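Got your viewer open? Let's take a walk through this one, selecting a piece at a time and looking at what is there.

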Amino acid sequence: MMDTERKVNIREEFGTLFAQGDFKKLYDCASEEFKHQVSLQQFLEQSKLFNQGEQFYRLETNLYLTPQIEQFIWLNSTQTKFISVIFDEHNIIQALVIAPIESFSERDRWSTNKYTMPIQSEWFVYWGGKHEVLNYHHPVENQRYAYDLVVRKGKQSYKNDGMKNEDYYAYGKKVVAPLEGVVITAVDDQEDNEIGHTNKKRPLGNHVIVEHEGKEYSVLAHLKKGSVSVKKGDVVRKGTLLGRCGNSGNSSEPHIHFHVMDAADIETSKSLRIQFHAAVEPIRGDTVIPFFYAGISSNIKSSSR
């Protein structure tokens with residue numbers, strides 16, 4: 001096994017060690033369960049094959065899945081391969097995935113309008129990005145560039161035991177219009193789920209859809225029952241209160257679902273890659289913070305990378 005000092009740095013050094021072909025050194029940092037499932041010989045062969053033609057890997061993002069478990073994701077230089085590693089609190093590798101990346105980003109459309117995140121406080125991007133590694137929505141064309149936003153304090157999104165909606169820091173927080181437009185849909189009658197349950201029959205739950213200039217449409221979903229403060233036909237400005245974060249629809253915990261589409265029908269539309277006023281594209285693991293100046297709101301991103 002690697003010595004204690006070496007283990008402390010393995011999270012930061014993994015990408016470099018993998019690119020250099022120090023596979024045995026990495027394998028030594030894996031859990032016994034991992035080694036039981038993957039032999040050293042298998043790990044060496046698969047890693048060597050995956051590593052062919054690669055000179056370095058860049059850390060794309062890292063985030064705590066639980067207070068004890070942290071995930072790191074590295075990409076190769078052409079963003080066609082990824083390495084995902086899950087470490088426990090002792091810097092032991094509990095899971096490792098190496099795989100190619102399927103991305104549609106070069107073929108898909110950007111939004112014509114520039115948007116802000118639909119928030120008025122600091123939020124955390126739990127899912128978001130231009131490929132499936134960062135964004136589980138990505139394989140689904142009509143939600144490909146959707147964001148799921150939560151609120152975190154420290155390493156988790158809830159207090160107490162997280163068994164009530166009220167335990168979650170996001171629950172009840174304001175959700176605002178990301179751009180001026182006209183409300184075309186406002187649903188406010190869906191119950192918030194109990195933690196551990198979802199409503200797949202009404203996947204958006206309580207939600208608002210706003211039509212913007214150029215026939216672009218933003219979707220804000222999983223809102224709290226009774227909190228939606230607009231109705232169909234209302235004209236909204238950027239920053240207008242639409243509702244409050246809830247846990248309705250196909251939602252496992254209180255969060256905001258936000259995406260922009262090219263048609264009013266969510267089932268037949270295509271998701272647009274969102275242009276933001278801040279000229280950055282937040283991804284999984286980033287923190288987004290609203291910034292207001294001269295009456296115009298934008299978003300500044302602070303990255304974990």
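What follows is a series of stops in a predicted model, going from a sheet to a pocket, a cavity and a few single residues.

**Stop 1: a four-stranded sheet**

Start by selecting residues 57-64, which are strand 1, and 93-100, which are strand 4. They belong to an open sheet of 4 strands, in the order 1-2-3-4, with antiparallel pairing. Why does one side of strand 1 and of strand 4 lack a neighbour in the sheet? Both stand at the edges and each has a single partner strand, so one side of each is left free of a sheet neighbour. Turn the view and look for the twist, which averages 15° from one strand to the next.

Now fill in the middle. Strand 2 covers residues 70-76 and strand 3 covers residues 81-87. To get from strand 1 to strand 2, follow the hairpin, which joins them through 5 residues. These two strands pair in the antiparallel sense over 7 bridges. For a landmark, select Leu63 and find Gln71 of strand 2 standing opposite.

How many bridges join strand 2 to strand 3? There are 6, and the two strands run antiparallel. Pick Phe72 to see one of these pairs: its bridge partner in strand 3 is Val85.

While you are in the loop between strand 2 and strand 3, click on Gln79. Its phi is near 55°, a positive value in a residue that is not glycine. With a relative accessible area of 26%, Gln79 counts as partly exposed.

Before leaving the sheet, add residues 40-51. This is helix 4, which lies across strand 1, strand 3 and strand 4. Against strand 4, the helix runs at about 40°.

**Stop 2: the largest pocket**

Next, select Tyr136, Asp148, Asn250, Ser251 and His255. Of the 29 residues that line the largest pocket, these five lie nearest its centre. The space in this pocket comes to about 660 Å³. Which elements give two or more residues to the lining? They are strand 6, at 123-127, and strand 7, at 147-150. Colour the lining by class and you'll find 11 nonpolar, 13 polar and 5 charged residues.

**Stop 3: the loop after strand 6**

Follow the chain into the loop between strand 6 and strand 7 and pick out Glu132. Is Glu132 buried, partly exposed or exposed? It is partly exposed, at a relative accessible area of 47%. Leaving aside residues up to four places away in sequence, Glu132 touches Glu102, His138 and Pro139. If you'd like to try the distance tool, go from Glu132 to Phe14: the C-alpha atoms are 21 Å apart, and the two residues are 118 apart in sequence.

**Stop 4: a strand under cover**

Now select residues 256-261, which form strand 14. All 6 of its 6 residues are buried. Show the side chains and you'll see two sets: Ile256, Phe258 and Val260 point one way, while His257, His259 and Met261 point the other way.

Strand 14 has several antiparallel pairings to look at:

- Strand 7 pairs with strand 14 over 3 bridges, and here Tyr147 stands opposite Phe258.
- Strand 11, residues 216-223, is joined to strand 14 by 5 bridges, with Val219 and His259 as bridge partners.
- Strand 15, residues 271-276, pairs with strand 14 over 2 bridges, and Leu272 sits opposite Val260.

**Stop 5: a cavity**

A search of the whole structure finds 2 cavities of 30 Å³ or more. To find the second largest, select Gly129, Asn135, Tyr145, Tyr147, Arg273, Ile274 and Glu281, which line it. You met Tyr147 a moment ago, opposite Phe258 of strand 14. How much space lies in the second largest cavity? About 40 Å³. Its lining has 3 nonpolar, 2 polar and 2 charged residues.

**Last stop: Asn160**

Finish in the loop between strand 7 and strand 8, where strand 8 is 174-176, and click on Asn160. Asn160 is exposed, with a relative accessible area of 62%. Its phi is near 55°, a positive value in a residue other than glycine. Flip back to Gln79 if you like: its phi is also near 55°.

Key:
Residues are numbered from 1 along each chain as its sequence is written. This is a predicted model: local features need pLDDT of at least 70, side-chain atom pairs count only at pLDDT 80 or more; totals for chains, interfaces and linings use all residues. Side-chain values use heavy atoms; hydrogens and water are left out. Two strands pair if DSSP finds at least two bridges between them. Axes are lines fitted to C-alpha atoms, for helices over the stretch in contact, and angles run from 0 to 180 degrees between N-to-C directions. Contact means heavy atoms within 4.5 Å. On a 1 Å grid over the protein atoms alone, a cavity is a set of points where a 1.4 Å probe fits but cannot get out, and a pocket is an open set with protein on both sides within 12 Å along at least five of seven lines; lining residues have an atom within 4 Å of a point. Grid points are joined across faces, edges and corners, and a volume is the space filled by probe spheres set on the points. Ala, Val, Leu, Ile, Met, Phe, Trp, Tyr, Cys and Pro count as nonpolar, Asp, Glu, Lys and Arg as charged, and the others, Gly among them, as polar. Buried means under 20% relative accessible area, exposed over 50%, partly exposed in between (1.4 Å probe, protein chains only).
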